[in-house]
Amino acid sequence: MLKIAIQKSGRLNEDSLKILKDSGISIDNGIDQLKASARNFPIEVLYLRNGDIPQYLRDGVVDIAIIGENLLVEKGQDLPIVEKLGFSKCRVCVAIPKNGVYNSIKDLEGKKIATSYPNTVKNFLADKGVNADIHLINGSVEIAPNIGLADAIVDIVSSGSTLFKNNLKEVEEILKSEAVLTVSPKISKESKEILEKLQFRIQSVLKARKSKYVLLNAPNDKVDNIIKILPGMRSPTVLPLAEEGWSSIHSVINEETFWEVIDELKNNGAEGILICPIEKMVL
Ligand SMILES: Nc1ncnc2c1ncn2[C@@H]1O[C@H](COP(=O)(O)OP(=O)(O)OP(=O)(O)O)[C@@H](O)[C@H]1O
Ligand SMILES: O=P(O)(O)OC[C@H]1O[C@H](OP(=O)(O)OP(=O)(O)O)[C@H](O)[C@@H]1O
Ligand SMILES: [Mg+2]
C-alpha cells in the first residue's frame, strides 16, 4: 500500500482528490473519515492538516503527499518535489497599507511583519540583509495592519481580492507556488514502485488537461498551410470529406496558445472548427 497524505479540508482538498479520481483511482470517502482506501489501486489516503504533513513525510508515517510548494519552502526544504500538479497556483507576497510609502526592501528594516510563514520571511529578509520583527499569526493575517498589530504582512495572494478588501497593496513577491507531489525519504522499494505507476497516470492526466483535440474542415488547397499551424502529436490526421475538394483535419493543440492558434486557423481558411477535451494522454 502506498500511503498518501491529502489536506483534510481547505484549498487543496478538492483538487487533490480530483487528480486521483481523474487518474482512475476511486476512493471510498466516508464523511468524517480520516483514512480511506481505494477500490482499484493499492493506495491509502490519510486526510491531515496541511502544516503537519512535512513532519509525517519525514517520519515515514506517509509515503507521499500533495501540498503547496510554499509549505515545502516554509518547513520542508529537505523534501523533494516529484511532480508539479498545476492547481492551487498562488504567490507569497509582502503587503503594506495602501497609503504606505515603499521604495525598496530596506523600508522593512525594523518593522513588524505578521505572517503564517515565519521561516520563509526570515530567509527572505536575511538574504536581503534586512532585520525585522516577525509576528506569527495562524490565519486572517491581512487584518493585522488594520488593528495595529503589524506594519506589513507576508501571506498568500491569488486574485488579490483579500489584500484589496483589507486596504493593502503588494510590494514584494517572495515566491510562486502551486500544488506539488512530494515524497518521504523513508519510502520503501515496494511503495516506490506503486508511486511510479501513480506518477505515470498523473502525468497523462496533466498532459491531457493542457491539451485540446481539434477537428476542422478546409478546402484541399488550404490543407498544407493549416498543417503548418497544427503540429499534432506526431502530425495531424487528414481525411477526405464526402464533398469533393474538402478535407477534415484532426490534431491536438496546447491550451496555452489555444486562442492564437484558433485565430490563425480561421485566417487560413479553416471552417467548422470543433474543440474537444481530452481525458487522458499517453505519449
Ligand atoms: N487563495 C489561494 N489561491 C490558491 N492557492 C492557495 C490560496 N490559499 C492557499 N493556497 C494554497 O493552498 C494551500 C493550503 O491552504 P489552506 O489555506 O487551505 O490551508 P492552511 O490553512 O495552510 O492549512 P491547514 O490544512 O493546516 O488548515 C497553501 O499552502 C497554498 O499552497
Ligand atoms: O488573493 P486572494 O484570492 O484573495 O487569496 C488570498 C487569500 O487566500 C488565502 O486564505 P484562505 O481563503 O485560504 O483562508 P484561511 O485564512 O482560512 O487560510 C490566503 O491566506 C489569503 O488570505
Ligand atoms: Mg489559507
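Start with the whole protein: 8 helices and 15 strands, taken as DSSP runs numbered from the N terminus (helices H or I, at least four residues; strands E, at least two). The radius of gyration is 24 Å, well over the 19 Å that the globule rule gives for 283 residues, so the protein is more spread out than a compact globule. That radius is taken over C-alpha atoms, and the rule is 2.2 Å times the number of residues to the power 0.38.

This is a predicted model: local features need pLDDT of at least 70, side-chain atom pairs count only at pLDDT 80 or more, and totals for chains, interfaces and linings use all residues. Residues are numbered from 1 along each chain as its sequence is written, while chains are lettered from A and ligands numbered from 1 in the order in which they are written.

Next, select ligand 2. Residues around it include Arg 11, Glu 142, Asp 155 and Thr 162 (C-beta, placed from the backbone, within 6 Å). Color β9 (152-157) and α5 (161-165), which each give two or more residues to this shell. β9 gives the most, with 3 residues.

Move to β13 (residues 237-240) and β14 (residues 246-254). They pair in the antiparallel sense over 4 bridges; pairing needs at least two DSSP bridges. Pick Pro 240: its bridge partner in β14 is Ser 247. The hairpin has 5 residues between the strands, and Gly 245 takes a positive phi near 90°.

Finish at α8 (residues 258-267). Of its 10 residues, the number buried is 1, so the helix lies largely in the open. Buried means 20 or more other C-beta atoms, placed from the backbone, within 10 Å of the residue's own. Just after α8, Gly 269 takes a positive phi of about 95°.

How values were computed:
Buried ≥ 20, exposed ≤ 12 C-beta atoms within 10 Å, placed from the backbone.
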